[in-house]
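Student: I would like a close look at a single part of this structure, followed by an account of its surroundings. Please explain each term as you go.

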Amino acid sequence: MSGANSTRRVAMLARALAHERMLERMALARVSGAASAERGGLTGRCLSTAAPFTGRKARVAVLGCGGWTQGWHLPNLGRRADAEIVAVVDPSEHPGGGGCVPSLCKPMPEVAALYGARWFTSLEAVLAAKEELQLDGLLCAAPHAAHHAIGTAVLEAGLHLLMEKPITADVDEARALFDLAQSRPAQAFLGLGVGVGVGVGLVVGVGVGVGVGVG
């Protein structure tokens, strides 16, 4: 790589990182001050405003249950009429150490009980149980470096995928994931950013594929 190209790449990465940090600060400002992640106290930070829903609920797994997930994704999904959280996935019983909203983190057995879901400790385990769970899709909020491997496995398992930003930590991996999704038009692959609408629910309509409810 030439010196000029290297400089441009560094500048692009710096701008992208600065933008991501700004979005994180905006989202954190919205959830700060919340005393509890209990359902009864979620009104102030849940943005889901879906219209009344009468179809089949999307059955969703959420992978990665640290601070952002417990303080944002799970509360928003949990309040949607068009989605049902059937599985929560995290290898640690006590996730979120050093996370963005660590004060909101609960142990995984408590998280599973709160949302009426099953706790799995690995992606492989939840994918092995996808038929039993009647799983429609998965929201990935795992560490960035794992996004490509997780996304590939989820799409190859025939599930819809909602990926927390960034899609991957590497441009080539992002392209590969996009190409895989393009080869599977019956599945939805969505990248999620704060500016797009955090707390999106994957809404599977019977016989019509997938729709998206944005909170």
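Student: How many of the 12 residues of helix 2 are buried?

Tutor: This is a predicted model, in which local features need pLDDT of at least 70 and side-chain atom pairs count only at pLDDT 80 or more, while totals for chains, interfaces and linings use all residues. Residues are numbered from 1 along each chain as its sequence is written, and side-chain values use heavy atoms, with hydrogens and water left out.

Helix 2 is mostly covered, with 11 of its 12 residues buried, where buried means under 20% relative accessible area, exposed means over 50%, and partly exposed lies in between (1.4 Å probe, protein chains only). Helices (H or I, at least four residues) and strands (E, at least two) are DSSP runs, numbered from the N terminus. The buried residues of helix 2 include Gly67, Trp68, Trp72, Leu74 and Leu77. The length of helix 2, residues 67-78, can be checked too: its end C-alpha atoms are 16 Å apart, which agrees with the 16 Å that its 12 residues should span at 1.5 Å a residue, the expected span being 1.5 Å times one less than the number of residues.

From helix 2 we can turn to the cores, a nonpolar core being a set of buried Ala, Val, Leu, Ile, Met, Phe, Trp, Tyr and Cys residues joined through side-chain atoms within 4.5 Å. The largest has 26 residues, and Leu123, Val126, Leu133, Leu138 and Leu161 are those with the most contacts inside it. Among the elements that give two or more residues to this core are strand 1 (58-63), strand 2 (83-89) and helix 7. Leu74, which we met among the buried residues of helix 2, is one of the members of a second, separate core of 17 residues, which also includes Val60, Ala117 and Leu162.

Charged side chains add another part of the picture, and the structure holds six salt bridges, each a side-chain nitrogen of Lys or Arg within 4 Å of a carboxyl oxygen of Asp or Glu. In one of them, the side chains of glutamate 84 and arginine 59 meet at 3.3 Å, N to O, and this pair links strand 2 with strand 1 across 25 residues of the chain. Glutamate 84 counts as partly exposed because its relative accessible area is 32%. Another salt bridge joins glutamate 110 and lysine 106, whose closest N and O atoms are 3.5 Å apart. Lysine 106 lies in the loop between strand 2 and helix 3 (108-115) and is buried, with a relative accessible area of 16%, whereas glutamate 110, at 38%, counts as partly exposed.

For the whole protein, there are eight helices and eight strands, and buried residues make up 45% of the 215 residues. If contact means heavy atoms within 4.5 Å, then residues 24 or more positions apart account for 70% of the contacts with a separation of 6 or more.
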